[in-house]
Amino acid sequence: MDFSYTEEQQLIQKTAREFAQEHLAPGVIERDEKAEFPKEQLKLLGELGFMGMMIPEEWGGAGLDTISFCIAMEEICAVDASMGVIMSVNNSLVCQLLYKYANDDQRDKYLKKLASGEWLGAFSLSEPQSGSDASNMLTFAKNNGDHYIINGTKNWVSNGISCDIAIVFLMTEKGIGHKGISAFIVEKGTVGFSHGKKEDKLGIRGSDTCELYFEDCNVSAENLIGEEGKGFKIALGTLDGGRIGIASQALGIARSALDRSVEYANERKQFGKTIGSFGAIQDKIATIATNVDASRMLIHKAAKLKDVGKPFSKEAAMAKVFASQTAMDAATDCVQIFGGYGYMQEYGVERLMRDAKITQIYEGTSEIQQLVIARSVLGD
Ligand code: CAA
């Protein structure tokens, strides 16, 4: 098994790392404090080809493999996890979904703009009463021949305010469970489609999250993705890939916690010695380093399986549950190693702890990942 990166992957890592240092590191603490969306930086990231990394060039993307996407995500999120989720949603939940399930007219109209970074997309599945139990949705799209009339509310939509289009999962037939769910493309500016306030969040505060409202909103039947009733499988199939992206986000946060901890442990002196010479600190750093490596291996395994067209749901769930726990533990230990300084905003490590938490919640909670893994292992 070859663990080294190809020349192309090394170049992507270098490009992402330099971009993050040059364009994301300055102002990352202020953007977090003010909950400011990184609009200018996002434009530059799109110009680098990082918003449609896994989409073939003919559809506006960069034509790279999933491991390249994971490498870029790790580097971006090591500096700014808010930018990471904006990038992950567009790449893996929006562009990948359109590439895999949309028809050529839809790809031509939407995918090219989204993959090239000209437009930004959102993915809207959850509703106030349906989070983990995702198929229990109420928002209804009534088939009226050449168009659908949509009514209802979706929530926790990442990129919901800044997006140009949203992929929205809606009930088209009641009483038949997930077989009544369909996927639609809804453009910003469509009459009857609006968004709520920007949610005030614990972490990833630079990204925007909001509710979406549909009030007698007319959407053309041309915007139905695939067939009626196939939406839930499209959502779950797409989320498998999304979970690799969020696992990479968690890895970036954990890697940053490791780098910051090592730097501080080698510099901070107490009792006449650097704190890195004490066993208690060494234990924490050894554990973080081991789990960071293990996370990366799980993520790259899931990515490789995806790239060669093999099933990867279980592996993506394993990568996400492990990397997100690693991020949470690593960030908490990093704050502990920094002591009183770690608790202060200006050192930038308390943000890692706040950002890490969401990786255990969105795109399927850790409890749901365990369910996916257990069902697969037990042969459900
Ligand atoms: N890919 C494709 N199809 C799948 C699938 C997958 N990975 N997993 C299951 N399916 C199919 C099943 O085969 C089944 O089809 P049939 O009825 O034809 O056999 C159908 O989907 C329903 O499957 P289940 O019976 O297993 O469904 P369930 O109701 O028990 O739920 C679940 C399964 C795993 C709990 C699922 O609901 C789930 O993953 N929930 C979490 C939802 C989630 O991740 N939400 C994230 C919101 S988006 C977000 O966070 C984005 C953001 O903003 C960052």
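Trainee: How far apart do the C-alpha centres of domain 2 and domain 3 lie in this model?

Mentor: They lie 31 Å apart. Keep in mind that this is a predicted model. The contact still takes 7 residues from domain 2 and 9 residues from domain 3, and contact means heavy atoms within 4.5 Å.

Trainee: Where do the domains run along the chain?

Mentor: Domain 1 covers 7-120, domain 2 covers 122-231 and domain 3 covers 239-378.

Trainee: OK, on to the ligand. What makes the link to His178 a polar contact?

Mentor: An oxygen atom of the ligand is 2.8 Å from an N or O atom in the His178 side chain. The cut-off for a pair of N or O atoms is 3.5 Å, so this pair counts as a polar contact.

Trainee: And which part of Arg375 does a ligand oxygen approach?

Mentor: An N or O atom in its side chain, at 2.7 Å; that is within 3.5 Å, so it's a polar contact as well. With the protein around it, the ligand has 72% of its 1,100 Å² buried.

Trainee: Which residues are closest to the ligand?

Mentor: Ser158, His178, Lys233, Asp240 and Arg375, out of 27 that surround it.

Trainee: Now the inside. Why is the set with Met87 and Leu98 called a nonpolar core?

Mentor: A core is made of buried residues of types such as Met, Leu, Ile and Phe, joined through side-chain atoms within 4.5 Å. The largest one has 95 residues, and Met87, Leu98, Ile167 and Phe169 have the most contacts inside it. Helix H7 (residues 231-265) gives the most, with 15 residues.

Trainee: What does Met87 touch?

Mentor: Among others, Leu45, Phe50, Phe69 and Ile76.

How values were computed
Residues are numbered from 1 along each chain as its sequence is written. This is a predicted model: local features need pLDDT of at least 70, side-chain atom pairs count only at pLDDT 80 or more; totals for chains, interfaces and linings use all residues. Side-chain values use heavy atoms; hydrogens and water are left out. Buried means under 20% relative accessible area, exposed over 50%, partly exposed in between (1.4 Å probe, protein chains only). Helices (H or I, at least four residues) and strands (E, at least two) are DSSP runs, numbered from the N terminus. A residue is near a molecule or strand if one of its heavy atoms lies within 4 Å of it. A polar contact is a pair of N or O atoms within 3.5 Å; within protein, one must be able to donate a hydrogen and the other to accept it, and residues adjacent in sequence count only if both atoms are side-chain atoms. Accessible areas come from the Shrake-Rupley method with a 1.4 Å probe; for residues, only the protein chains shown count as cover. Domain bounds come from an automatic or database domain assignment. Lists of a residue's contacts leave out its neighbours within four places in sequence.
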